[in-house]
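Hi,

Here is the structure I promised to pass on. Have a look at it first, then read my notes below.

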Amino acid sequence: MNTLAAESANPLLPPVGEIIVGTITFAIAFFVLGKFVWPRFEQVFRARREAIEGGIERAETMQAEAKAALERYQAQLAEARTEAAQIRDQARAEGQQILEELRAQAQQESARIVARGEEQLATSRQQVVNELRGQIGQLAVELAGRVVGESLEDQARRSGTVDRFLDQLDGMAAGAGAGASPDGRGGATGSSVYVQGDR
Amino acid sequence: MTSSAHALIDVLAAEGGGDSGFQSPTIAEFYPPAVAEFSVLGIDFEITRITIIMWIATAAILTLLVLAARKASVVPNKLQYLGESGYSLVRDGMARDVIGPKGLPFAPFLASLFFFILANNFMSIFPFAQISPNSRFAIPLLLAVIVWVLYNYIGIKEQGAARYFKDAAIPPGVPAAALILVTPIELLQVFVIRPFTLAVRLFANMFAGHMLLVVFSLGAVYLLNVGNFSVVFAPLSFLMALIMTFFELLVIFLQAYVFVVLTATYLNGAVEPAH
């Protein structure tokens, strides 16, 4: 359009061709933006919102987890304390029991040792008594023979006087210690009397 | 006579003296010579410098936005942030807040409209282009017609044709006697004045803005070359051209914003029945 034509043109009456060209241009812009730009922005907005909401949600979840863990630990701690107290009580009871058992055992042992000692003592005594019996008889007869001036030995042996005498002595001694129990525990005094009496 | 009086006479002589005086810009500014001309189906197509500026502006804004969106991530880079801010302005500030809960599906259309107008407006102060395609009535008009078709279509679809036209002609709550006056005004308003004002507002702003810039720029050049005392006013004229350029920058954003806000308002009237 030349300048003269322009001078007479009305700016409010646009050429149809220009409107069509403009419409096509706008349409291209509209579709390109609608396809490549706005959906991407919307996607980013959504992702951003989700990121923020997700972050809050994650934080809440973690807090709940931490709280649960704390409760669990506290429960475990309480349980452990109870258990420890139980174990302590049990240990104390067991210790007591062991102590009593040991005491009983020790008593048994001591009783056994005492019994054996007494037994040995009785055996030795018997041995000594038997030995002394023979020697005393012989010494007494010898002594009597010297006093009398002749040997009474054969006669005494034949008659068994000495043995009878000693048996009588034994019988007397047995009569005195009749109440004594054989193990010597119950009748400690009787036993000592018996032993003393024998010497 | 003093020398300044001589100068004044010279200036006045120059003003009065036909061809040698200041040639103010005419409407021919908006009718540059065609670069290419052809005819399809009886319609004449004329590709001018302004048409090419429109393509360049559109291609530039598309490239920028596609680049901004291509690597879009949750943590935006600067370009993405700019693009997102523009889109959010339209999406949240207009589609959601002006149209209402049904507004979000219109966000892509409104945002496309906003960036298309903004890019083309911006050409009015872009070096070497310095004329906006929107100062040609064709572009604002076609955009207004698209908006007009859209909001009427949405109104009919959302409310039903009978309801939509009845509400447009007989606004609820108006006394019967007043309808003689109100009905013609309302019908004219919805179906003629709205699209017309929408188109003219944008067109006239860009047209006048360009004229102002040209007047002050040519004025500065003229005063510099007139060869007398007037040369001292040349910097003033140049300063004014500079100030008007910044003013034009404001208008560029404001008119793009207003066009889209009004579109959103009309769409709001279409999706929600009058009350």
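In chain A, 35% of the contacts with a separation of 6 or more are between residues 24 or more positions apart; a contact here means two C-beta atoms, placed from the backbone, within 7 Å. Of its 199 residues, 9% count as buried, i.e. with 20 or more other C-beta atoms within 10 Å of their own (12 or fewer is exposed, anything in between partly exposed). Chain A has five helices and zero strands; helices are DSSP runs of H or I with at least four residues, strands are E runs of at least two, and both are numbered from the N terminus.

Before you go further: this is a predicted model, where local features need pLDDT of at least 70 and side-chain atom pairs count only at pLDDT 80 or more, while totals for chains, interfaces and linings use all residues. Residues are numbered from 1 along each chain as its sequence is written, and chains are lettered from A and ligands numbered from 1 in the order in which they are written.

Now for how the chains meet. Chain A puts 33 residues into the contact and chain B puts in 36. On the chain A side, helix 2 gives the most, with 24 residues.

One place to zoom in is helix 2 of chain A against helix 5 (residues 138-159) of chain B: their axes come within 9 Å and cross at roughly 60 degrees. The axes are lines fitted to C-alpha atoms over the stretch in contact, with angles from 0 to 180 degrees between N-to-C directions. That makes the pair oblique, since under 35 degrees would be roughly parallel, over 145 roughly antiparallel and 65 to 115 roughly perpendicular. A:Glu18, A:Ile19, A:Gly22, A:Thr23 and A:Phe26 meet B:Ala138, B:Ile139, B:Leu141, B:Leu142 and B:Leu143 there.

Helix 2 of chain A turns up again around helix 3 (residues 78-99) of chain B, where it is among the elements covering the buried residues, along with helices 2, 4 and 8 of chain B. Those buried residues include B:Tyr87, B:Arg91 and B:Met94. Helix 3 of chain B has 22 residues and reaches 29 Å from first C-alpha to last, close to the 32 Å expected (1.5 Å times one less than the number of residues). After it comes B:Gly100, with a positive phi near 110 degrees.

Lastly, strands 1 (34-40) and 2 (43-48) of chain B pair antiparallel over six bridges; pairing needs at least two DSSP bridges. B:Phe38 has B:Phe45 as its bridge partner, and B:Leu41, in the hairpin, takes a positive phi near 50 degrees.

Cheers
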